[in-house]
Amino acid sequence: RARLGLEAGTRDLEIEGLAIVAGAVYFGLKAPLDSAGNAMIWRLPDVRGAFDAGRFDPERLELWARVPLRAQAGGVGVGAGIADLLFLPDGTLLIAATPAAGSAPSESGCIVHVAEPRPGLLVPRVVRTFAGLRPEGLSIAPAPGRFLVVFDAGDAEPSWIELPWSG
């Protein structure tokens, strides 16, 4: 567990993000954050091999990257976790970020872009912040150069937005 950044165990483990690129699967953790307050991304390098073997070997799972993310909960800046991951056709990475812990009457999330996704500490750039909304899903849009963001609205009707991507 410590090798995967889970020094405190799995009690607070929440995996929300998922992306598959070139046969590897990436898992974005909503919680816990690491000791420095970074969100974590795990990588399983050969997902097909795991299915072909008929069993999951936890030793193949690795802590691939960490990313500093911030969101708002109740009007206060808090550490954010990963709600979703989307590798764009140009090889860059979009991350939907929402508060990592707890629940507040009003939560605001954001979408960040990572120009050079690689092992280690990632450098995110905020693409857009969504006041009072929790971006929970990302997808390539049918229109070229665009992506979709889906929002979790709790018991209310969910919503989505289509945004341009010039990358």
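This briefing describes two sheets and a set of aromatic pairs. The structure is a predicted model. One sheet is open and has five strands with mixed pairing, while another open sheet has three strands with antiparallel pairing. A search of the whole structure also finds four aromatic pairs, two of which are described below.

**The five-strand sheet**

- The strands of this open sheet follow the order 1-2-3-4-9, and its edge strands, each pairing on one side only, are strand 1 (14-21) and strand 9 (120-121).
- Strand 3 (residues 38-44) and strand 4 (residues 62-68) run antiparallel and are joined by six bridges; in strand 4, P68 is the bridge partner of N38.

**The three-strand sheet**

- Here the order is 11-12-13, with strand 11 (134-140) and strand 13 (159-164) at the edges, where each pairs on one side only, and the twist from one strand to the next averages 25 degrees.
- Strand 11 is joined to strand 12 (residues 146-152) by six bridges, and the two run antiparallel; L138 stands opposite V149 in strand 12.

**Aromatic pairs**

- The ring centres of Y26 and F87 lie 4.9 Å apart with their planes at 50 degrees, so this pair is tilted; Y26 belongs to strand 2 (residues 24-31) and F87 to strand 6 (residues 76-87), 61 residues apart.
- Y26 is buried at 8% relative accessibility, F87 is buried at 17%, and together with W64 they form one aromatic cluster.
- The rings of F130 and F151 have their centres 4.9 Å apart and their planes at 70 degrees, so this pair is edge-to-face; F130 lies in strand 10 (residues 124-130) and F151 in strand 12, 21 residues apart.
- F130 is buried, with a relative accessible area of 4%, and F151 is buried at 5%.

Note on methods: Residues numbered from 1 in each chain as written. Predicted model: local features only at pLDDT ≥ 70, side-chain atom pairs only at ≥ 80, totals over all residues. Heavy atoms only, no water. Pairing = 2+ DSSP bridges. Helix = DSSP H or I, 4+ residues; strand = E, 2+ residues; numbered from the N terminus. Axes fitted to C-alpha atoms, helices over the stretch in contact; angles between N-to-C directions. Phe/Tyr/Trp six-rings, centres within 6.5 Å; stacked < 30°, edge-to-face > 60°. Buried < 20%, exposed > 50% of the residue type's maximum accessible area, 1.4 Å probe, protein only.
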